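Subject: Structure handover

Hello,

The structure you asked for is below. My notes on it follow; please read them with the coordinates open.

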Amino acid sequence: MNISFFKFQPYLKSVLWGGERIAEYKGIVTDQKQIGESWEISGVTGRESVVSEGEDAGLTIVELIRKYKGALLGDSIYAKYGDTFPILVKFLDAKQDLSLQVHPNDTIAKNRHNCLGKAEMWYIIDTIDNAKINVGFNQSISPKEYERRVKNNTLMDVVASHKSHPGDLFFLPAGRIHSLGAGNLVAEIQRTCDITYRVYDFDRRDAQGNTRELHTKLAKTAIDYTVHDSYVTSCPCGITGETKLVKCEYFDTSRIIVAGEHKILSPEAQSFRIIMCIKGELQLFDEKGNTSTLRQGETLLVPACTAEVVLKGNAELLTATAI
């Protein structure tokens, strides 16, 4: 089956904490303000991505899966997930701190929301103004102490804070408490789940003076209270070729720096491959004669039936496959 590369219309989401960098980063002209998120490829119900070009332009990603099935997703991935696209990828721009939050695991998500749990990763693209990331705990606390600290507004005292740098990687499995700090421009790769428990929101209010809902009780049993030695991985700068990033039970990710030409082969798991262009631009060629282009801020989907992709140009990329 000679299906080619797919691009999708990004969904730009304005939020309380959003900034003004995403449109410029992606080369988009828009009057929309406070764009905090650009959903690049999404199978979330009600926010399904739409193909932007080619003979399948106008089809949602669900319709695309129904048309091509295992040729698009990979036979084993299609058997596992059916018409649900299993990975959601975004660009995030935080002008303000995001809320401190946590995501449920599969068991909790299934029992409470009848959906998948959520694991994700952040790759730091750029930072300004001494940006930080809050991830995990800096000391051991109990669920009872967690409730007490939420009540007396001291929870942030026990949350680990990290100064962020371009190329830093933060893996956020279900249960790991986290908050994206102001000044971070980030690529996010996650499972297809939009369930978030908000724990602390820095006491901010909307234009009407209202605070946002907190989910203290729901989060209490979803949080993993384990303290880890480190929560950040720094990727080596300037090394061309592929660097493996996060591999978990749901997705496998890499960074690829192309300086001239680089070849990628079909994943061992026989999955589709998402390619996010972090910097630069390049051309893509597959073994069937299909071509496409990719530039900074764009995202592309390579179908599972594509055996080989040759990349030509100069660019920094993130890739993700499903497991």
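Helices and strands here are DSSP runs, at least four residues of H or I for a helix and at least two of E for a strand, numbered from the N terminus. Read that way, Cys-248 sits in the loop that links strand 13 and strand 14. Please keep in mind throughout that the model is predicted.

Is Cys-248 buried or exposed? The cut-off for buried is under 20% relative accessible area. Cys-248 has 16% relative accessibility, so it counts as buried. Setting aside neighbours within four places in sequence, Cys-248 has contacts with Phe-171 and Ile-323. Phe-171 is 77 residues away from Cys-248 along the chain, and 9.6 Å separate their C-alpha atoms.

Pockets

The volume of the largest pocket comes to about 430 Å³. It is lined by 24 residues, of which Lys-13, Glu-37, Gln-101, Asp-194 and Thr-196 are the closest to the centre. Two or more lining residues come from each of strand 1, strand 2, strand 3, strand 5 (120-127) and strand 11 (197-200). Strand 1 has the largest share of that lining, with 3 residues. Sorted by class, the lining holds 9 charged, 9 nonpolar and 6 polar residues.

For the second largest pocket the volume is about 350 Å³. Here 19 residues form the lining, and Lys-244, Asp-252, Pro-267, Glu-268 and Arg-273 are the closest to the centre. The elements that give two or more residues are strand 13 (241-247), strand 14 (251-265) and strand 18 (308-322). Strand 14 makes the largest contribution, 6 residues. The split by class is 7 charged, 7 nonpolar and 5 polar.

Strands 1 to 3

Strand 2 (residues 35-41) pairs with two other strands, as follows. Strand 1 (residues 11-19) runs antiparallel to strand 2, with 5 bridges between them. Within that pair, Ile-35 of strand 2 stands opposite Ser-14. Strand 3 (residues 87-93) is also antiparallel to strand 2, and 4 bridges join them. Phe-91 in strand 3 is the bridge partner of Ser-38. As for burial in strand 2, 7 of its 7 residues are buried.

Nonpolar cores

In soluble globular proteins, nonpolar side chains tend to be buried together. The largest nonpolar core of this model has 45 residues, and the members that touch the most others are Phe-6, Phe-85, Ile-87, Phe-272, Ile-274 and Leu-301. Helix 2 (residues 61-68) supplies the largest share of this core, 5 residues. Which residues are in contact with Ile-274, leaving aside its neighbours within four places in sequence? They are Ile-41, Phe-85, Ile-87, Val-89, Thr-299, Leu-300, Leu-301, Leu-318, Thr-319 and Ala-320. Another core, apart from the largest one, has 20 residues, including Cys-193, Ala-222, Ile-223 and Tyr-225.

Helix 6

The buried residues in helix 6 (residues 143-152) are Glu-145, Tyr-146, Glu-147, Arg-149 and Val-150. The buried residues of this helix pack against strand 11 and helix 7 (216-222). Asn-153, just after helix 6, has a positive phi of about 65°.

Regards

Note on methods. Residues numbered from 1 in each chain as written. Predicted model: local features only at pLDDT ≥ 70, side-chain atom pairs only at ≥ 80, totals over all residues. Heavy atoms only, no water. Buried < 20%, exposed > 50% of the residue type's maximum accessible area, 1.4 Å probe, protein only. Pairing = 2+ DSSP bridges. 1 Å grid on protein atoms, 1.4 Å probe; cavity = no way out; pocket = protein on both sides within 12 Å on 5 of 7 lines; lining within 4 Å. Points joined across faces, edges and corners; volume = space filled by probe spheres on them. Nonpolar A, V, L, I, M, F, W, Y, C, P; charged D, E, K, R; others polar. Core = buried A, V, L, I, M, F, W, Y, C linked by side-chain atoms within 4.5 Å. Contact = heavy atoms within 4.5 Å.
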